[in-house]
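Let's take a walk through this fold together, starting in the sheet and working outward. Keep the structure open beside the text as you read.

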Amino acid sequence: MKKVEAIIKPFKLDEAREALSEMGVTGLTVTEVKGFGRQKGHTELYRGAEYVVDFLPKVKIEVIVGDSLVERAIEAIIKAARTGKIGDGKIFVTTVEQVVRIRTGESGEDAV
C-alpha cells in the first residue's frame, strides 16, 4: 500500500476529488495548509500599504491506495490539478506498512 499526498491549489480540490472517486478511491483526507515553493509568495495592497504574503493557501489531499493503483491516482491528480502555471503543487508517495480500521479491527488492504 502507498500513501499519496498531493498539495494543490484550493480551487482544484473538487476536480481532484472527483477524479479520484472515478478511479475507485473510496476515502481521502483533506487539510487546509499554507506554504510556498518557487513562487516565494507575493505582495498585496491593503488600505494603501503593501505587504508581503509569504505563505500561500493550499490544500493537502491524502489517500491510501493499493500498489496497483498508485500510478493511476497520480495521473488523476495531475490531470485534475494542473493549470500550467507556477504553484500547481507537488505529489509525494510513501510506503504504508500497516492500516487498521478502528471500528472493525480489519487490517491491511481490507482496512482501506
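Val 33 has Lys 58 of strand 5 as its bridge partner. That pair belongs to a longer run: strand 2 (residues 29-35) and strand 5 are antiparallel to each other and share 7 bridges. Please bear in mind that this is a predicted model.

Strand 5 also pairs with strand 1, again in the antiparallel sense and over 7 bridges. Here Ala 6 has Ile 61 of strand 5 as its bridge partner, and Ile 8 stands opposite Val 59 in strand 5. The pairs named so far are gathered below.

| Residue | Residue opposite in strand 5 |
|---|---|
| Val 33 | Lys 58 |
| Ala 6 | Ile 61 |
| Ile 8 | Val 59 |

In what order do the 4 strands of the open sheet lie? The order is 2-5-1-6, with antiparallel pairing. Strand 2 and strand 6 are the edge strands, each pairing on one side only. On average, neighbouring strands of this sheet are turned by 20° against each other, direction ignored. As for burial, strand 5 has 7 of its 10 residues buried, so it is largely enclosed by the rest of the structure.

Now to the helices. Helix 1 lies across strand 1, strand 2 and strand 5, and it runs at about 10° to strand 5. Helix 2 (residues 70-81) has 12 residues and reaches 16 Å from its first C-alpha to its last, close to the 16 Å expected at 1.5 Å a residue.

Which residues of helix 2 are buried? They are Val 70, Ala 73, Ile 74, Ala 76, Ile 77, Ala 80 and Ala 81. Because these residues cover an arc of only 160° around the axis, they sit on the same side of helix 2. An α-helix has 3.6 residues a turn, so residues three or four places apart point the same way. On the other side of helix 2, Glu 71, Glu 75 and Lys 79 are exposed. The cover over the buried residues of helix 2 includes strand 1 (2-8), helix 1 (13-22), strand 5 (56-65) and strand 6 (89-95).

This brings us to the largest nonpolar core, which has 20 residues. Those that touch the most other members are Ile 8, Leu 20, Met 23, Val 25, Ile 61, Val 65 and Ile 77. Strand 1, helix 1, strand 5 and helix 2 are the elements that give two or more residues to this core, and helix 2 provides the largest share, 7 residues. Take Leu 20 as an example: leaving aside its neighbours within four places in sequence, Leu 20 is in contact with Val 25, Leu 28, Ile 61, Ala 73 and Ile 77.

Two residues outside these helices and strands deserve a look. Is Lys 12, in the loop between strand 1 and helix 1, buried or exposed? Lys 12 is buried, because its relative accessible area is 11%, under the 20% cut-off. Not counting residues up to four places away in sequence, Lys 12 touches Ala 80, Ala 81, Arg 82 and Thr 83.

Val 112 lies in the segment after strand 6 and counts as partly exposed, at 38% relative accessibility. Not counting residues up to four places away in sequence, Val 112 touches Met 1, Thr 26, Ile 64, Val 99 and Arg 101. From C-alpha to C-alpha, Val 112 and Val 30 are 16 Å apart in space, and they are 82 residues apart in sequence.

Notes: Residues numbered from 1 in each chain as written. Predicted model: local features only at pLDDT ≥ 70, side-chain atom pairs only at ≥ 80, totals over all residues. Heavy atoms only, no water. Expected span 1.5 Å × (residues − 1). Buried < 20%, exposed > 50% of the residue type's maximum accessible area, 1.4 Å probe, protein only. Arc of directions from axis to C-beta. Contact = heavy atoms within 4.5 Å. Core = buried A, V, L, I, M, F, W, Y, C linked by side-chain atoms within 4.5 Å. Pairing = 2+ DSSP bridges. Axes fitted to C-alpha atoms, helices over the stretch in contact; angles between N-to-C directions.
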